[in-house]
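Student: I am new to this structure and would like a close look at a single part, the end of the chain, set against the picture of the whole. Could you take me through that slowly?

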Amino acid sequence: MTRIKRGYIARRRRTKIRLFASTFRGAHSRLTRTITQQKIRALVSAHRDRGRQKRDFRRLWITRINAVIRENKVYFSYSRLIHNLYKKQLLLNRKILAQIAILNKSCLFMISNEIIK
């Protein structure tokens, strides 16, 4: 019997997976089975950590705002500041407020005085 040569589709699929895992260490970049397992694991971690990153940055911004407020006695607490911002309909998100708190504290004083009036 003559030898039957297999097609190229499976090889192309494995090559694509190998390119994804080319920077992994050891068998994770060499053996097809472990490469597929590590690819799944990497994608799961990436998906999970995208949500976690948003959460972590929000916590960081809140901490920064609260620290500047309490340090300079601009306002009593972070929660009161945010509550009164919403009441006065000053739409500043936490990211912008944190940047203002760090880079331009006098601007934060102006915002807090605007709320108090």
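Tutor: Accessible areas here come from the Shrake-Rupley method with a 1.4 Å probe, and for residues only the protein chains shown count as cover. On that basis the protein chain exposes about 9,800 Å², and carbon and sulfur atoms supply 56% of this area. This is a predicted model, in which local features need pLDDT of at least 70 and side-chain atom pairs count only at pLDDT 80 or more, while totals for chains, interfaces and linings use all residues. Residues are numbered from 1 along each chain as its sequence is written, and side-chain values use heavy atoms, with hydrogens and water left out.

Before the close look, the whole chain deserves a few words. Its secondary structure comes to five helices and zero strands, where helices (H or I, at least four residues) and strands (E, at least two) are DSSP runs numbered from the N terminus. The C-alpha atoms of the protein chain fill a box of roughly 95 × 30 × 20 Å along the principal axes. The radius of gyration, taken over C-alpha atoms, is 26 Å for the protein chain, whereas a compact globule of 117 residues would have one near 13 Å, by a rule of 2.2 Å times the number of residues to the power 0.38. Of the 117 residues, 21% count as buried, a word that means under 20% relative accessible area, with exposed meaning over 50% and partly exposed in between (1.4 Å probe, protein chains only).

Now to the part itself, helix α5, which covers residues 105-116. Confidence in the protein chain is lowest in this helix, at a mean of 86, and highest in helix α2 (residues 32-72), at 95; the score is pLDDT, the predictor's confidence in each residue, from 0 to 100. The chain as a whole averages a pLDDT of 91, and 100% of the residues score at least 70.

Isoleucine 116 lies in helix α5. Is isoleucine 116 buried or exposed? Isoleucine 116 counts as exposed because its relative accessible area is 55%. Although isoleucine 116 and asparagine 84 are 32 residues apart in sequence, their C-alpha atoms are 8.3 Å apart in space.

For a second view, consider leucine 103, which lies in helix α4 (residues 94-103). Leucine 103 also counts as exposed, since its relative accessibility is 72%. Leucine 103 and arginine 11 are 92 residues apart in sequence, and 54 Å separates them in space, C-alpha to C-alpha.
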